[in-house]
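Student: Could you take me through one part of this structure in some detail? I'd like to look at the largest cavity.

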Amino acid sequence: MRATDNQGSFLNRISIRRNQVVSMDGNHEQELQDLELFQKQVADRFSDLLSSSSEDGADALLSVSWLRKLVDVFLCCDADFKAVLVVGRDPSQISKPPLDRLVPEYLDRVVKALDVCNAVSHGVEAVRHYQKLAEIAVSAFEQRPIFDGQVRRAKKALNSLMLTLEEQEGSNLKSAERTWSFGRRTANITDRALPGRVHSLSWNMAKGWSAAKQIQAMSANLVMPRGAESSGLASPVYIMSTVMVFVMWALVAAIPCQERNGLPTYFPWPRQQGWAQSMVALQEKISEEWKKKREKPRLAGLLEETQRLERLGQSLIEFAESFQFPTGAEGFEEVVAQVAELAETCKKMEEGLVPLQQQIREVFHTLVRSRTEILHVLDQGGKVSAPPM
Amino acid sequence: MGDFRSILPLCEGEQHVIAATQHLVKALGASKNLDDDLRKILSQLDSHLSAMTILSPESRGTGFREVEQQFKWAEEKIRGWESNQSLMWDSDPLEASEYLKAVVEIQTLVEGLPRLSMSGTRKQKELLNRAESILQTAMSRLEEELVHILVKHKQYFELGNMSFQYCGKDVVYDESFVSVEDMRIEEASQRNNSGNESVDCVPDLVHPQVIPHLKSIATVMFASSYDQEFCQAFISVRRDALEEYLVILKVEKFSIEDVLKMDWNCLNFEIQKWIRALNVIIRYLASEKRLCGQVFEDLGFLNPFCFVEISKVSLLHLLNFGDAIAMGTPEPQKLFRLLDMYEVVADNLLYIDTLFSEEAGTCVRIEFHQLLRRLADSARATLFTFGNAIAANASTSPVPRGEIHPLTRYVMNYIKTLPIYCSILNVLLKDQNAAASNPVAELENGLEVSSMAYCPMACHLRSITCILEAKLDSKSKLYKDCALQHIFLMNNYHYMVEKAKSPELKLFFGDEWIREHIVKFKQHATSYERATWSSALSLLRVGSAGSSSTSKTILKDKCRGFIIAFEEVYKSQTGWSIPDPKLREDLQISTSQKVVLAYRNFTGRNSADIGEKYIKYTTDDLEKYILDLFEGSPKSLQRSRSRRN
C-alpha cells in the first residue's frame, strides 16, 4: 500500500494554505478567507468529478476509475479540512461551543467511516471474484476455433457469476462465493464429507453490523449550522461531514457490503450552497440508480463494471445455451464484440480494483491519523478530561 | 494402449529443430556448473523432446482411424466416471491415475490433431470438438475432486504445545488507583517469555499423502489452461479453512466502533486472544505457504499470489483489531496489553517480512509495519498519560492515619511491572530521550550494572516517581497536624524505597536514588519527632544552674504539663499508623530514647520536689506507652488509668 508516500501526498494536498501560512494569527478576516477557500475547493473538486462522469466517458459514473477519483477527492478534501481546522489553530477555539459538540460528533462519524471502509474493502474482494469468473469466460470464448467444450466452460463460469450477482440482499456474501466452483454434486459431496460444517462462519464484518445503519447514523445528527454559527468553524465541520457521508454512501451503494437494506436515498443537503451543488447532483443520480436496483434487491451493487458483467454475462449465457458446433457465422460477430467488451471490462477491473482497495485503505489510515491529530488539539484545548482512574 | 504422441506425426523441419535442441540440452546438461533446479528443468525438457522424436518417419502415414481409436479409449475412461458419484481418489487412487492418463491423452490429441496431414477436414474438426468437450468434462470433474480432497484431508493446525507455551506475560493490571493488592501483582509479574519458540517445525495443513494427488491435478489442469479454475478453487477452499481456523482460535470480528466502546475487561480478554491468535496464525501461514509451494511447484510464479490471496482477508481482520486498540484512549491500565501487542507484532515482524517477501505481499508487510508503529505510539502516549494522571490525581480528604496513599501503591506496583518490558520500553523511549543528555555515554567505562540505572526506561521510572513525590508533598498538606504530615510522607517515601529496592527495580533506580530517598524518609522521621516532642520535652528541661531556685510549683506544673502533653500525643498518635513494623519500631525506639531519657533525668533529679503523687507514670510506663503509638488504633490513657485505679 502506498503508505510510505502518504506524507508527501498530504503535503501536496494542502494547496489551500500555501500563500497564507504567514498570516496565521487567527484574525477573523483571515478565517473567513480560509473558509471561503475551503468551500471553493470542495465545490471545484466535486464539479470536476461531476463533469468527468459522463455516461460514455472513460470514468463513467460509479465505474472503478470514477470511484478512485471519488476517493481521491475525499482525501484532498480531508487534507484541506485539516488545514482549516487543525493547522495553526489555537486549540481553545475548537473547545468552545458549538465546536465542543460538533467536533466530537465529527470524530464519531470518522469512526463509523472507518468501519465502512473495512466493509467496502471486503466488498472489493467480492468484486474481484466476479472479475475472476468473467475472466475464465473470456479466455474460454477467445479460443479459436470455438468448440463445445470451451463454450461449456465459459457457461459454467458465467452461471457461477450470475448466481453470485443475483445473490439476494441479506444473504451471506461469502456463501455465494463458495458455491461457485462446486457443482451440485460436489456441494453434496462436501456436505457429506463434513457433516455439521458451519456455513455462516464467513462473516465479513461483526455480526449484526449494517452498512445502511452506519450511513444513517453518520447523517442523523448532521445539521447545517445557522445564524452566527455558520460563519465560524462549524461550517467546515459540517461540509467535511457531508463530504464524508456522501463518499461513504456512494461506496456502499457501488460495492457489495454487509446489510444495505434501508440505505438512505435522500439527504437534506443544501443544494443551493455552492460547495454542495455538484455533490447533490451526483447524489441524486446515484439515488436514481439505487432505486432502480431496489426493484431487484441484489447484493452486487451499482458498480458500473459489475452491471456490465451482469448484462454481458446474461447475453453470453443465452448464446452458450443455443450454441452448437460448428458455429454458424450468423450472430457470431455480435458475440465476438460482447466477449471483447467483457475482456475490456475485466481489464479495467484488473487495473483498478486493487489500487481502489489500496486507496480505501489509505482513506482508512488517513482518517485514523486525522482523528489522532484532532483529538490532540482537543486535548490541548483541555476538553478531553483526564482518563478515569 | 499406445500413446497419441506416437501416432501424431511431426513435419520434417520440426524434427530437425527438435533433434538440434535435444543435442543442445544434452550438452548443457553435461555441464557441471548447474544448480539443481536448472538440471531438473533440463532433464524434463529432454524427456519431452525424446517423446516427440519417438515419432519415426514411418509412423507419419498412420491414419486418422488409429487416432480415433485412441481417443475412444480415453473418452470412455472419462465418461465412465461421469455417472459415478463416488470420488476417484477416495475409491481407488490407481483408477484416478488412469483417469489422469486419459486426460493427458486427450490433451495431446487436442494439441496434436491440428497438425495432422488432413487437418481442416470436417471429420477432424468434429473429433477435436469431441475432445475439447470431454476435456471440459474432465476438468470440471477434477476441480470437484480438488475441492473435495482439500476439504476432506484438511488438517487443523495442532494447537498443542503452541497454545500452552504462549501465555504471554500474564500481567493482570486492571486495578484502579484505589485498590491494589501487592501480592497479586507480584505473583503475576513472573514473566513467561515464550510464544516465539520456533517456526522450524511446520505442521501440515493437508495430509501429506494427498499432496501428490493435488500436484497431479494441478499439473493436468494447468496443462489444459484451466489454471484459473484451479487457482480459484484452491484459494477459495484454503481461505475458508483459514477463516475457520480463526473461529477455532475464538477470534471474533468486531467493528472499530465496538472495540472503542468495549469495557476494559472484555477488551483485555480479546487482546489476549488476539495475541495468541497472531502468534499461531503466523506459524499457520508458514505451513500454508509451504503447501502453496508444494502444489504450485513447477507451475510458474503463482505461488506467492495464491498465498497472499488466501491469507489477506483474515490478516486484515487481525490488523483491524490491532488498529482499533491503538486508536483507543490511552489509559494507564492498557499499557501492559499494548506492550504485549507491540511485542508480539515486533517478534513476528521478521516472519511476516519473510512470508510476504514477494511483490504480491507488499501490502500485508507494510500494514504490519504500520501497525507496529501505531502500537508504539499508543503505548508511548499511554505511558505519558500515566505520568499526567498522577499529576492530575485529586483527592480532598487525607488518607486516614497517615498511611500509605493508594496512589503510591498504585504507582509503585505499576512501575514494578514495567521492568519485564525493559527492552521494549527502551526502544519506545529511546527517541524521546535522544535529545536529552545521555549519561550512559559518560559512564561507559564504569560498571555495566550501573548503566542500567541510566537506560531510557530507568530515567522514565524516576521521572514518574518524581511526579509522585511532588503529588505526595501536596497531599501531605491535607493534614492539619504538621507531625502527621511527616508521618505520612515518611510512610510513603519508605514504601517507595522498599519497592525501589526490590530485585525487579533495584538496578533501575540505582543506589544513588535509593540512598537519597532513605535520607528523605529519615528526615521526615526527625521532623516528626521535632514537631511532636520538642515543646513537651522543653517542659522537662530544667535550668541546670541553681535547681533550688526553681520552685516546686513550677516543677509540678511542668511535670503536669508534660503528662498532659504526653497523654494527648498518646491519644492522637496511637491512632496514627506506620504499617511497616520495622519502621514503626525504629521510630518508637528513637522516640523512646529521647522522651524516656529526658523524663528519667527530670523525674530522677526532681522526684523529691515534685512528689510521687505528681509523677503519674514511671519511665517503664512511658516506654510501654510509646510502643502503642502508630499502631493505628486510638487509645486513651486517662480513661484506662482511671479504670485501673
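How do the residues of the lining of the largest cavity divide into nonpolar, polar and charged?

Tutor: Sure! They divide into 8 nonpolar, 6 polar and 3 charged. Here Ala, Val, Leu, Ile, Met, Phe, Trp, Tyr, Cys and Pro count as nonpolar, Asp, Glu, Lys and Arg as charged, and the others, Gly among them, as polar. Before we go on, this is a predicted model, where local features need pLDDT of at least 70 and side-chain atom pairs count only at pLDDT 80 or more, while totals for chains, interfaces and linings use all residues. Residues are numbered from 1 along each chain as its sequence is written, chains are lettered from A and ligands numbered from 1 in the order in which they are written, and side-chain values use heavy atoms, with hydrogens and water left out.

Now, the cavity itself. A search of the whole structure turns up 9 cavities of 30 Å³ or more, and the largest holds about 150 Å³ of space. A cavity is a set of points on a 1 Å grid over the protein atoms alone where a 1.4 Å probe fits but cannot get out, and lining residues have an atom within 4 Å of a point. Grid points are joined across faces, edges and corners, and the volume is the space filled by probe spheres set on them.

There are 17 lining residues, and Lys253(B), Phe254(B), His317(B), Asn320(B) and Phe321(B) are the closest to the centre. Helix H4 (99-141) of chain A and helix H14 (302-327) of chain B each give two or more residues to this lining; helices are DSSP runs (H or I, at least four residues), numbered from the N terminus. The largest share, 4 residues, comes from H14(B).

Key
1 Å grid on protein atoms, 1.4 Å probe; cavity = no way out; pocket = protein on both sides within 12 Å on 5 of 7 lines; lining within 4 Å.
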